[in-house]
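Open the model in a viewer and keep the selection panel at hand. The stops below say what to select next and what is there.

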Amino acid sequence: MFMLNEIIANKHQEIDLKKKNQPVESLKAKVQEARAVRDFYRALSAPGISLIAEIKRKSPSKGEFRTDFDPVALGRIYSRSGARAISVLADEVFFGGGAHIVERVANDNEVHLPVMYKEFIIDPYQIYEARSVGADAVLLIVRCIDKPGMLAQMIELVHELGMNALVECFTEEDAAKAVEAGARIFGINNRDLQTFEVDLKRSEQIRSVLPKDALTVSESGLSSREDALQAEALGFDAMLVGEALLKTPDIERRVREFSGLDAAAPNKA
């Protein structure tokens with residue numbers, strides 16, 4: 001089973017190679033040509049619990065999700081079925097994604113939702129890459145950014161580029177660091193990336209130490225509309241759902257169920 005430290009070690013090598021092939025100066029030039037930013041914060045602030053629907057090909061713990069994986073088709077389904085934002089995996093080695101996939105989804109003319117570049121970000125280079133391909137938000141995982149002051153600097157850069165940062169926490173200590181660094185949107189992951197075990201109580205525990213007016217997202221392990229309503233009752237503004245959508249035959253219906261647009265329909269795994 002792949003562990004977070006293995007993913008991060010690979011990420012350092014990957015970024016070093018990217019910097020050689022495409023220097024950050026060229027990314028900054030591409031940023032100037034990127035489409036206008038969509039408001040990720042506003043999308044998650046809408047009434048009810050907002051669905052961030054995820055696009056990923058595989059995961060280290062679950063393997064391939066779909067044999068007919070088509071990221072643009074998924075983005076179009078999400079966009080018309082009630083999701084309020086889309087998360088696209090930018091990691092290629094472990095999750096089968098890529099910046100080029102984020103770019104295809106974010107710039108498709110039938111996708112109108114804010115798009116988040118979901119990656120294990122350890123370097124400002126990746127933030128410029130995210131905006132250069134049209135992303136409206138990025139994921140920042142607190143435990144991946146261990147240099148003093150770096151999290152605050154990255155959040156500031158994200159905001160300077162007009163995007164929003166979903167700052168992911170696994171512990172109360174992570175949450176405290178995120179607050180201190182100036183996070184505006186907090187993600188609480190129910191899955192530990194060291195063990196990949198899911199604990200739905202994680203959200204409730206960590207949510208309780210955040211400011212009451214914080215914009216919060218419950219991530220991983222939500223498998224039904226009932227889970228969504230439970231997260232909403234705990235004070236969450238949004239949920240990030242991937243596997244429960246990607247593994248179902250009728251994705252459009254599943255998105256509508258999670259979004260509360262088809263609440264009367266049975267929830268099938």
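Start with the cysteines: this predicted model contains zero disulfides anywhere in the structure. Select Cys-144 and Cys-169 and show their sulfur atoms. The closest cysteine sulfur to that of Cys-144 belongs to Cys-169, and at 12 Å it is too far away for a bond. Cys-169, in turn, takes part in no disulfide, its nearest cysteine sulfur being that of Cys-144. Are the two residues buried or exposed? Cys-144 is buried at 8% relative accessible area, and Cys-169 is buried at 0%.

Next, colour the strands. Eight of them close into a barrel, with parallel pairing, in the order S1-S4-S5-S6-S7-S8-S9-S10. Neighbouring strands of this sheet are turned by 25° against each other on average, direction ignored. For one pair in detail, select residues 185–189 (S8) and 215–219 (S9): the two strands run parallel and are joined by five bridges. Within this pairing, Ile-185 has Leu-215 of S9 as its bridge partner.

Now add helix H4, residues 71–81. H4 packs on the sheet, where it touches S1 (50–55) and S4 (85–89), and its direction makes about 170° with that of S1. Then show helix H8, residues 172–181, which lies across S7 (164–169) and S8 and runs at about 155° to S7.

Move to the interior. The largest nonpolar core has 92 residues; those that touch the most other members are Phe-40, Leu-44, Tyr-78, Ile-86, Val-138, Leu-140 and Phe-258. Which helix gives the most to this core? Helix H7, residues 150–160, does, with six residues.

Centre on Phe-258 and display its surroundings. Leaving aside neighbours within four places in sequence, Phe-258 has contacts that include Leu-51, Leu-222, Met-239, Val-241 and Leu-245. Also in contact with Phe-258, with the same neighbours left aside, are Ser-223, Ser-224, Arg-225, Ala-228 and Ala-244.

Finish on H7 and look down its axis. Its buried residues are Met-150, Leu-151, Met-154, Ile-155, Leu-157 and Val-158. These residues lie on the same side of H7 because they cover an arc of only 160° around the axis. An α-helix has 3.6 residues a turn, so residues three or four places apart point the same way. To see what covers the buried residues of H7, show helix H6 (124–132), strand S6 (137–141), S7 and H8, which are among the covering elements. The last selection is Gly-162, which follows H7 and has a positive phi, near 90°.

Notes. Residues are numbered from 1 along each chain as its sequence is written. This is a predicted model: local features need pLDDT of at least 70, side-chain atom pairs count only at pLDDT 80 or more; totals for chains, interfaces and linings use all residues. Side-chain values use heavy atoms; hydrogens and water are left out. Two strands pair if DSSP finds at least two bridges between them. Helices (H or I, at least four residues) and strands (E, at least two) are DSSP runs, numbered from the N terminus. Axes are lines fitted to C-alpha atoms, for helices over the stretch in contact, and angles run from 0 to 180 degrees between N-to-C directions. Contact means heavy atoms within 4.5 Å. A nonpolar core is a set of buried Ala, Val, Leu, Ile, Met, Phe, Trp, Tyr and Cys residues joined through side-chain atoms within 4.5 Å. Buried means under 20% relative accessible area, exposed over 50%, partly exposed in between (1.4 Å probe, protein chains only). A disulfide is a pair of cysteine sulfur atoms within 2.5 Å. The arc is that of the directions from the helix axis to the C-beta atoms.
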